[in-house]
Amino acid sequence: MSHHIVEVQNLTHTYPDGTAAVRGISFRIHHGESVAVVGANGAGKSTLLLHLNGYLTPQSGTVRIGDFPLTRETLRDIRRTVGMIFQDPDDQLFMPTVYEDVAFGPLNLGLPLEEVEQRVQKALMRVGVEHLRERPPYKLSGGEKRAVSIATVLAMSPDILVMDEPSSNLDPRARRTLIELLAGFQHTKIIATHDLDMVLDLCSRTIVIREGQIMADGPTTEIFQNDQLLEECHLEKPMRMQACPLCNRPSI
Ligand SMILES: Nc1ncnc2c1ncn2[C@@H]1O[C@H](COP(=O)(O)OP(=O)(O)OP(=O)(O)O)[C@@H](O)[C@H]1O
Ligand SMILES: [Mg+2]
């Protein structure tokens, strides 16, 4: 199973304008783990995640996905292994119809048309948007675009799912469906999010980032009970862990 380990060592990333977004981050994630990456706006979560499927390549430090260090030569294999859901669905959807967007990856793998069709159908069904199949993605609502983005990645059957704010823009029911879908996904998941209640549902481990550095990495429930850490990192306890305003008792 070692081929699905995600290992980041001493990673740094400075944007061309001099912004140091990632400053010496290291962690190791094993096959089957479900890990949240949390932190305030601008903490460096998206910049970090963009390294995990090679959208950005390390300026210094290393990223390893299983047996492969991430380099230009291994990019193709790594992108098959790691499915990335971008923070902005407009970065993910570019074809004239939803169908073509979801079929794009499987067609690129050279799969037979019949299998492509099956994969598209299954992926659209899993996120509940079969009815959008012939629609142009750019005319969809924010939440519909998000669901289609997730379908484009599911259609590739990745071993590792990397998701940047997957629950943003979803209505409560679509959010719940997403959480159930992800809970049923047995492979490795890495989720950057501000939705700490979703983290409680899905991730037993949480990495907290502040100003491009890791401030904590450990069991989610311990991290969410550390009031000082949450305060320093501009985070708020999940709603479920906050005291009820009527009876003053937390629900968990
Ligand atoms: N293309 C870019 N050029 C210059 N600076 C950038 C660029 N993209 C991001 N940054 C900066 O890098 C830092 C980290 O940004 P990043 O998008 O990784 O944060 P984030 O934790 O994902 O935030 P959010 O919660 O708002 O999505 C911020 O200071 C941001 O302004
Ligand atoms: Mg971000």
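This short talk covers a ligand site, a sheet and some salt bridges in one structure. One thing up front: the model is predicted.

Let's start with ligand 1. Which residues come nearest to ligand 1? Fourteen residues surround the ligand, and the nearest are G42, K45, S46, T47 and H194. Now sort that shell by class. Eight of the residues are polar, four are nonpolar and two are charged. Which helix gives the most to this shell? Helix α1 does, residues 45-49, with three residues.

Next, the polar contacts. Look at K45 first. An N or O atom in the K45 side chain sits 2.7 Å from an oxygen atom of ligand 1. Move on to S46. Here a polar side-chain atom is 2.8 Å from a ligand oxygen. Then find Q87. The distance from an N or O atom of the Q87 side chain to an oxygen of ligand 1 is 3.0 Å. How much of the ligand does the protein bury? On its own, ligand 1 exposes 640 Å², and the protein buries 65% of that.

Now the sheet. A quick reminder: strands of a sheet pair through backbone hydrogen bonds, and they can do so parallel or antiparallel. Here we have an open sheet of four strands, with antiparallel pairing. Read across, the order is β2-β1-β4-β5. Why does one side of β2 and of β5 lack a neighbour in the sheet? Both strands, β2 at 20-29 and β5 at 68-69, stand at the edges with a single partner each, so one side of each is left open.

Let's go through the pairs around β1. Between β1 and β2 there are seven bridges, and the two strands run antiparallel. One position to find on screen is L11, which stands opposite I25 in β2. These two strands also make a hairpin, with five residues between them. In that turn, G18 has a positive phi of about 95°. Now the other partner. Strand β1, residues 6-14, pairs with strand β4, residues 60-65, over five antiparallel bridges. Within this pairing, Q9 has T62 in β4 as its bridge partner.

Last topic: salt bridges. Side chains of opposite charge can pair when their charged atoms come close. How many salt bridges does the structure hold? It holds 12.

Stay on the sheet for one of them. R28 pairs with E7, and their closest N and O atoms are 2.8 Å apart. R28 belongs to strand β2 and E7 to strand β1, so this salt bridge ties together parts 21 residues apart in sequence. Are these two residues buried or exposed? R28 counts as partly exposed, because its relative accessibility is 40%. E7 counts as buried, because its value is 14% and the cut-off for buried is under 20%.

Here is another. R133 and E134 form a salt bridge, with 3.5 Å between the closest N and O atoms. E134 is exposed, at 55% relative accessible area.

And one final pair. The side chains of R240 and D201 meet at 3.1 Å, N to O. D201 is in helix α7, residues 196-202, while R240 is in the segment after α9 (227-232). That links parts of the chain 39 residues apart. R240 is partly exposed, at 27%. D201 is partly exposed too, at 30%. This pair also belongs to a network of salt bridges that links R176, D197, D201 and R240.

That's the tour. Thanks for listening.

Terms used
Residues numbered from 1 in each chain as written. Chains lettered and ligands numbered in written order. Predicted model: local features only at pLDDT ≥ 70, side-chain atom pairs only at ≥ 80, totals over all residues. Heavy atoms only, no water. Near = heavy atom within 4 Å. Polar contact = N/O pair within 3.5 Å; in protein donor to acceptor, adjacent residues only side chain to side chain. Areas by Shrake-Rupley, 256 points an atom, 1.4 Å probe, with all protein chains shown as cover. Nonpolar A, V, L, I, M, F, W, Y, C, P; charged D, E, K, R; others polar. Pairing = 2+ DSSP bridges. Salt bridge = Lys/Arg side-chain N within 4 Å of Asp/Glu carboxyl O. Buried < 20%, exposed > 50% of the residue type's maximum accessible area, 1.4 Å probe, protein only.
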